[in-house]
Amino acid sequence: MTMIRHHLPDALLMGYAAGTLPEAFNLVVATHVSLSDEARARLGAFEAVGGSVIDDADAAEMASGSLDRMMARLDMLPQANARAPLAGDAIYPAPLLDYMTRGLKWQSVGRGVKQAILKTDGAASARLIRIPGGQAMPDHGHKGTELTLVLQGAFMDGNRRYARGDVDVATEETEHTPMAEAGVECICLAASDAPLKFHGLLPRLAQPFFKI
Amino acid sequence: MAIGDEEVDWAALVLRVRDHQDRAAFAVLFRHFAPRVKGFLMKSGAGDTLAEECAQDVMATLWQKAHLFDPTRASVATWVFTIARNRRIDALRKARRPEPEDLPWGPEPEPDQDAAMALQEDTMRLGKALAQLPEKQRALIERAYYGDLSHSEIAEETGLPLGTIKSRIRLALDRLRHHMS
């Protein structure tokens with residue numbers, strides 16, 4: 001397992017446990033949890049809260065004959081086979097690979113930076129980003145929340161270093177210029193629940209075009 | 001004499017379903033959990049008919065996936081909650097839900113009894129701590145799980161006492177990794 005220094009905030013893990021995040025954020029959480037047993041244990045704790053909520057839920061009476069119908073149905077239910085776990089590879093954990101296998105189109109967004117949109121529905125979007133070593137991400141601020149999970153290489157955001165498994169959470173107030181470390185290409189999974197605002201002229205023109 | 005719910009060993013019943021397709025054990029689980037799942041789904045915005053149907057499906061999934069239940073990592077209520085949550089996403093939002101990579105099972109087919117017992121006790125303590133939270137805070141947490149709050153509306157500091165149960169699950173994961181290597 002990877003040594004993670006920058007973890008997901010509680011609100012996002014709780015949202016994932018509760019099942020209320022947009023799909024693109026779910027993808028970042030599922031990928032992050034695949035890389036960190038600490039995150040998996042924290043998620044388990046938030047799911048235990050859900051267990052308590054359901055245990056204390058006001059019971060709603062089941063329809064009459066419900067149990068009988070259920071019992072009659074049991075014999076017809078095939079035993080679910082233990083799924084052969086879908087394995088990730090050295091860079092991309094399984095939940096992410098699952099999305100990538102449905103077609104990945106890399107587009108150049110300038111300065112050697114490439115991105116590929118992952119198809120998700122709902123109010124957020126997800127994309128993979130590849131930044132050459134030593135290169136800066138295009139300067140951008142945000143509306144809403146942006147999550148950036150590192151899969152390979154590392155980047156600096158201010159004086160904080162983000163490496164494989166780390167998540168950078170940027171909010172409305174954040175104006176930042178993440179800079180990939182010299183050396184290996186930095187690959188990240190990013191999700192945002194509002195379009196990014198780029199400040200340079202070219203990226204701004206490209207933005208509606210590339211859906212970022 | 002009726003047995004108080006707190007004294008029922010739910011995990012043992014799921015293991016009976018897993019090992020013997022024990023229908024009587026399943027019926028006990030159904031009577032306890034199905035109405036709660038239905039209540040949970042109705043609080044989440046499902047109508048009576050849909051909630052009834054989904055609660056049945058959740059219990060069917062419990063029957064079919066009993067072999068995937070790990071009592072060292074989750075209580076039965078927690079496991080049922082995750083099944084109900086996924087069913088709700090499927091039914092109400094018709095959305096896909098990416099799941100974390102599965103952890104393969106270690107070579108030991110039997111979960112560690114002591115670890116399972118400790119997890120159940122920690123879960124019970126968590127439930128009691130939740131019940132003792134100030135009413136306003138507890139209501140907010142419930143609303144988050146019923147799907148009434150977006151992640152940006154969830155407080156950054158939840159004030160939930162999750163350290164103990166998190167450490168317990170972490171230990172179970174470490175054991176699993178140890179067996180795998």
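**Exercise 1.** Is Cys188(A) buried or exposed? Decide also whether Cys188(A) takes part in a disulfide.

*Solution.* The model is predicted.
- Step 1. Cys188(A) has a relative accessibility of 1%. Buried means under 20%, so Cys188(A) counts as buried.
- Step 2. For a disulfide, two cysteine sulfur atoms must lie within 2.5 Å.
- Step 3. Over all chains, the count of disulfides is zero. For Cys188(A), the nearest cysteine sulfur belongs to Cys186(A), 3.7 Å away, and Cys188(A) is in no disulfide.

**Exercise 2.** Find which residues of helix α4 of chain A are buried, and state how they are arranged around the helix.

*Solution.*
- Step 1. Helix α4 of chain A covers residues 66-74, and its buried residues are Ser66(A), Leu67(A), Met70(A), Met71(A) and Leu74(A).
- Step 2. Seen down the axis of α4(A), these buried residues fall within an arc of 130 degrees, so they line one face of the helix.
- Step 3. A general rule helps here: an α-helix has 3.6 residues a turn, so residues three or four places apart point the same way.
- Step 4. The exposed residues Asp68(A) and Ala72(A) are on the face of α4(A) turned away from the buried side.
- Step 5. The partners of the buried residues of α4(A) are in chain B: they pack against α2 (23-43) and α3 (48-64).

**Exercise 3.** Describe the largest nonpolar core, and name the contacts of Leu29(B).

*Solution.*
- Step 1. The largest nonpolar core has 99 residues, and Phe26(B), Leu29(B) and Tyr145(B) have the most contacts inside it.
- Step 2. The element that gives the most to this core is α2(B), with 10 residues.
- Step 3. Leaving aside neighbours within four places in sequence, Leu29(B) is in contact with several residues, among them Trp10(B), Val17(B), Met59(B) and Val76(B).
- Step 4. A second, separate core has 12 residues, including Met137(A) and Tyr162(A).

**Exercise 4.** Which parts of chain B does the salt bridge between Arg168(B) and Asp122(B) tie together?

*Solution.*
- Step 1. The side chains of Arg168(B) and Asp122(B) meet at 2.6 Å, N to O. The cut-off for a salt bridge is 4 Å.
- Step 2. Arg168(B) lies in helix α7 and Asp122(B) in helix α5 (residues 113-131), so the pair ties together parts that are 46 residues apart in sequence.
- Step 3. Arg168(B) is partly exposed, with a relative accessible area of 27%, whereas Asp122(B), at 4%, counts as buried.
- Step 4. Among the elements of chain B, helix α7 (residues 163-180) has the lowest mean pLDDT, 90, and α2(B) the highest, 97.

Terms used: Residues are numbered from 1 along each chain as its sequence is written. Chains are lettered from A and ligands numbered from 1 in the order in which they are written. This is a predicted model: local features need pLDDT of at least 70, side-chain atom pairs count only at pLDDT 80 or more; totals for chains, interfaces and linings use all residues. Side-chain values use heavy atoms; hydrogens and water are left out. Buried means under 20% relative accessible area, exposed over 50%, partly exposed in between (1.4 Å probe, protein chains only). Helices (H or I, at least four residues) and strands (E, at least two) are DSSP runs, numbered from the N terminus. The arc is that of the directions from the helix axis to the C-beta atoms. Contact means heavy atoms within 4.5 Å. A nonpolar core is a set of buried Ala, Val, Leu, Ile, Met, Phe, Trp, Tyr and Cys residues joined through side-chain atoms within 4.5 Å. pLDDT is the predictor's confidence in each residue, from 0 to 100.
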